[in-house]
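User: I'd like to go through the ligand site here and hear the reasoning behind each label. Can you take me through that?

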Amino acid sequence: MNYKTNIDYRKETLIKLLNNVIIHENEIIQALYDDFKKPAFEAVLTETNYVISELKDTIKNIHRWAKPKKVFPSILNFPSTDYLYKEPYGKVLVIAPWNYPYQLALCPLVSAVAAGNQVVLKPSELTPKTSAILAKIIAKTFHINHVEVIEGGVDVSQNLLSQRWDYIFFTGSVPVGKIVAKSAAVNLTPITLELGGKNPCIVDETAHLKLAAKRIVWGKFINAGQTCIAPDYILVKKEIKDQFVHYLKNEITAAYGNKPQDSPDFARIVNSKNWNRLASMIEPEKVIFGGDTDEANCYIAPTLIDESNLDSLIMKDEIFGPLLPILSYESEADIHVIVSKYEKPLSLYVFTTNNSFAKNIIQTYSFGGGCINDTIVHFSNKRLPFGGVGHSGIGAYHGSLSFDVFSHKKGIVKKANWLDLTMRYAPYNNKLVTIKKLLKWM
Ligand code: NAD
């Protein structure tokens with residue numbers, strides 16, 4: 001078992017993993033439903049198919065990604081051939097969240113394995129059925145000394161963090177991200193932190209309003225709003241606010257019917273702790289659509305909230321649920337006051353047909369990634385890096401970049417012996433004038 005240097009072995013284990021995730025796909029879909037009623041359609045689109053596609057892409061490209069790459073040499077080293085070698089970090093810890101508990105656990109694991117690492121995965125304890133399937137699939141696929149799942153809650157996570165790792169890949173909340181960063185600092189362990197934030201969704205008066213409403217409703221209420229890149233709040237131009245709210249209401253009804261609680265397409269809040277956190281954000285007098293709650297079933301309806309107070313509870317931190325505050329703006333200065341009040345978000349969305357407005361928003365604000373005229377779909381392009389900036393995260397992954405995340409890059413100069421220019425060697429005597437002239441031209 002030499003996963004460190006044997007790329008064929010890594011590929012074989014990934015093929016085995018692919019077969020096992022396909023065999024167990026229905027069980028996974030069921031587990032996701034049992035954990036928080038994730039609809040089967042969403043489970044396939046955002047979890048199982050995503051993992052299968054990531055595995056196929058990695059299996060197809062692993063040899064190309066792992067190969068040492070020639071880079072253009074420096075003239076200072078003439079004659080040489082220069083290379084970039086990728087080596088696995090060693091022992092990698094992956095800590096996963098509960099909201100996409102399958103995909104966000106397996107995708108980093110796949111890339112860490114592809115890059116030749118030994119991996120320990122700690123899934124979220126809040127989605128126990130999915131965690132159990134993950135443990136079963138991994139135990140069936142890998143030797144325990146190569147890849148292992150350690151299930152458990154905060155104490156297990158803290159125990160793992162107290163050990164020495166060569167890389168830590170964490171997906172979760174900002175406060176826990178800080179705990180991970182502190183633990184990693186003890187051994188100077190490199191980290192990726194995939195965190196969250198308050199994602200603005202700006203809609204101007206030139207936007208295709210009906211389509212914008214449809215795309216925002218989909219991106220906000222998929223997974224019952226429990227998506228790190230879901231729009232957190234809407235900032236709509238004041239003169240079109242009423243019309244836009246009308247379209248949003250229509251789109252919610254079109255998607256989930258008059259009684260979303262009966263819709264098979266709407267997930268539940270993961271547990272009563274999160275249900276209570278979200279329920280406490282609802283101020284009934286501000287609700288303009290939805291607002292129904294059912295604690296026994298961890299249900300909160302898709303809800304629109306007319307908000308103007310940045311100090312209200314809902315505008316304090318990331319919402320992470322099916323509550324959508326709608327704020328309005330009159331000028332770009334108003335947008336600036338609101339967006340700049342928060343830490344750099346993981347995503348930002350702008351709906352407009354005015355290209356210079358879109359360009360200005362994209363260039364003015366710092367955020368992880370986003371879309372013009374859509375929500376959350378930037379996640380699906382493997383050629384785009386996915387990750388936050390500032391408080392929304394450190395590092396990015398997806399596609400070939402994920403392989404690089406889990407690889408240390410070694411720069412190697414292979415010097416030829418047929419020529420040895422003497423300029424660099426002491427004694428320097430009066431070479432200073434010549435070297436200055438030469439360096440000027442290089
Ligand atoms: P969380 O931070 O509470 O938990 C994530 C993981 O950390 C879990 O495995 C948990 O067991 C562990 N953990 C929790 N508390 C800990 C502690 N004190 N010490 C050590 N480990 C601890 O996050 P969550 O509730 O599972 O997920 C929701 C958050 O994750 C949201 O903020 C969301 O934006 C973010 N998220 C980010 C991404 C992304 O890709 N950037 C994706 C999904 C979720």
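Analyst: Sure, here is the ligand site step by step; keep in mind that this is a predicted model.

User: What makes a residue part of the group that surrounds the ligand?

Analyst: A heavy atom of the residue has to lie within 4 Å of the ligand. By that test 28 residues surround the ligand, and the closest are Lys122, Glu125, Ser173, Leu195 and Glu318.

User: Why is the pair between the ligand and Leu195 called a polar contact?

Analyst: The cut-off is 3.5 Å between N or O atoms. A ligand nitrogen is 2.7 Å from a polar backbone atom of Leu195, so the pair counts as a polar contact. An oxygen of the ligand also has a partner, an N or O atom in the Trp98 side chain at 2.8 Å. For Glu194, a polar backbone atom is 3.5 Å from a ligand nitrogen. As for cover, the ligand taken alone exposes 840 Å², and the protein buries 90% of that.

User: Why is the ligand said to lie between domain 1 and domain 2?

Analyst: Because domain 1 (7–195 + 390–409) and domain 2 (200–382) both give residues to the shell, the ligand lies between them.

User: Which element supplies the largest share of the shell?

Analyst: That's H6, with 4 residues. Helix H6 (154–161), strand S6 (167–171) and helix H7 (174–186) each bring at least two.

User: What is the make-up of the shell by class?

Analyst: There are 16 nonpolar, 8 polar and 4 charged residues around the ligand.

Definitions and conventions. Residues numbered from 1 in each chain as written. Predicted model: local features only at pLDDT ≥ 70, side-chain atom pairs only at ≥ 80, totals over all residues. Heavy atoms only, no water. Polar contact = N/O pair within 3.5 Å; in protein donor to acceptor, adjacent residues only side chain to side chain. Areas by Shrake-Rupley, 256 points an atom, 1.4 Å probe, with all protein chains shown as cover. Nonpolar A, V, L, I, M, F, W, Y, C, P; charged D, E, K, R; others polar. Domains from an automatic or database assignment.
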